[in-house]
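Reader: Hey, I've just opened this one and don't know my way around. Can you walk me through it?

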Amino acid sequence: MQNKLKQIRDEAIAKINSAGELDKLNDIRVSFLGKKGELTSIMKSMKDLSPEERPAFGQMVNQARAEIENALEDMKSSLAKKARELQLKSEVIDVTLPARKNNVGHRHPNSIALDEVERIFVGMGYEVVEGPEVEKDYYNFEALNIPENHPARDEQDTFYINANMLLRSQTSGVQVHTMETQPLPIKVIAPGRVYRSDEVDATHSPCFHQIEGLVVGKDITFADLKGTLAEFARELFGEETKVKFRPHHFPFTEPSAEVDVTCFKCGGKGCRMCKGSGWIEILGCGMVHPNVLRMSGIDPDEYSGFAFGVGLERIALLKYEIDDMRLMYENDVRFLKQF
Ligand SMILES: [Zn+2]
């Protein structure tokens, strides 16, 4: 029986040492130390021994049990340690790796330029207003002194919804909406999208942006217009910028002018940017035509005003020295990130 006991003990310890997995250890425990385990059954056979032999054998069984339990415990902690090491290795974090960049895109040069223009005019006390892009023929042409069959309509051919509705070809219609609805005096700018049936090329697009300006009140003169736009040019292009007003014709202003600024690249000496002239054209303007005031219900004998229209893309192209307008609409983030 002693040999049998030794055999059971050796077998148990050998199995424990080769277990390799925590789950197997429990099976081994049950098969040797459990209620129907081998060590338990040899205990039961003690009744076959003489009463004198029993205490010594009982002690041996207890010792064998203790050895097996110790072996189980040692193997358990050793396997647990190995598992932990393996887990640490697989979950290793390299804190020296560069952080993942959170790509949020970039603001469009049009938006940056518009913010700048709005900042300048709001600083001069202007309010920013908006008008509809789908517009009545009346507001886009008729009320701006451009009756049917007027040649100016050809230059501003747009997209028609029907005979009376169109996609606005200019933001000037907002002038009329404002004069119809707002109390005098008026001092607004109206930025927004406009449409023309133009082919896409380096300087044209069927959809682009304008910023309209309108001031109506008592005793508004051409001097106010000049002072306002000269200040705008200085704020936008630099303190040294000079302005030049060239006589022009627009149906809705009288007199009308186109405004040039001294080239901010060469300071007026002449360069590639200004095509050697030293001047760059930036906008059109004039005193609001009496007919336009009258059609919007304002008495031109009592009130006067001025208006101007700036191409937003023109400002952005100039300010950020972009040489192809098409780049503005491709939304390639590599292009946008330059500004
Ligand atoms: Zn120049």
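**A long helix, a zinc site and two cores**

Author: Sure. Keep in mind that this is a predicted model. Start with helix H4, residues 53-90: at 1.5 Å a residue, its 38 residues should span 56 Å, and its end C-alpha atoms are 56 Å apart, which agrees.

Reader: OK, and which residues in H4 are buried?

Author: Phe 57, Gly 58, Val 61, Ala 64, Ile 68, Ala 71, Leu 72, Met 75 and Leu 79.

Reader: What covers them?

Author: The cover includes helix H1 (2-17), helix H2 (22-33) and helix H3 (38-44).

Reader: Switching topic: what coordinates the zinc ion?

Author: Four cysteines do it through their SG atoms, at 2.2 to 2.3 Å: Cys 263, Cys 266, Cys 271 and Cys 274. Along the sequence, these donor residues follow the spacing C-x2-C-x4-C-x2-C.

Reader: Why is the arrangement tetrahedral?

Author: Because the four donor atoms subtend angles of 103 to 113° around the zinc ion. For four tetrahedral donors, the ideal is 109.5 degrees.

Reader: And Cys 274, buried or exposed?

Author: Buried, because its relative accessibility is 5% and the cut-off for buried is under 20%.

Reader: Now the inside. How many residues are in the largest nonpolar core?

Author: It has 42, and Leu 229, Phe 232, Ile 282, Leu 283, Cys 285, Phe 306 and Phe 308 have the most contacts inside it. Helix H9 (residues 222-237) gives the largest share of this core, six residues.

Reader: What does Phe 306 touch?

Author: Among others further off in sequence, Tyr 126, Leu 214, Ile 220, Leu 225 and Met 287. There's also a second, separate core of 23 residues, including Ile 146, Val 174, Val 288 and Val 292.

How values were computed
Residues numbered from 1 in each chain as written. Predicted model: local features only at pLDDT ≥ 70, side-chain atom pairs only at ≥ 80, totals over all residues. Heavy atoms only, no water. Core = buried A, V, L, I, M, F, W, Y, C linked by side-chain atoms within 4.5 Å. Buried < 20%, exposed > 50% of the residue type's maximum accessible area, 1.4 Å probe, protein only. Helix = DSSP H or I, 4+ residues; strand = E, 2+ residues; numbered from the N terminus. Contact = heavy atoms within 4.5 Å. Expected span 1.5 Å × (residues − 1). Donors = N, O, S within 2.8 Å, 3.2 Å for Na, K, Ca; no water. Tetrahedral: all angles 85-135°; square planar, octahedral: opposite > 155°, others 65-115°. Lists of a residue's contacts leave out its neighbours within four places in sequence.
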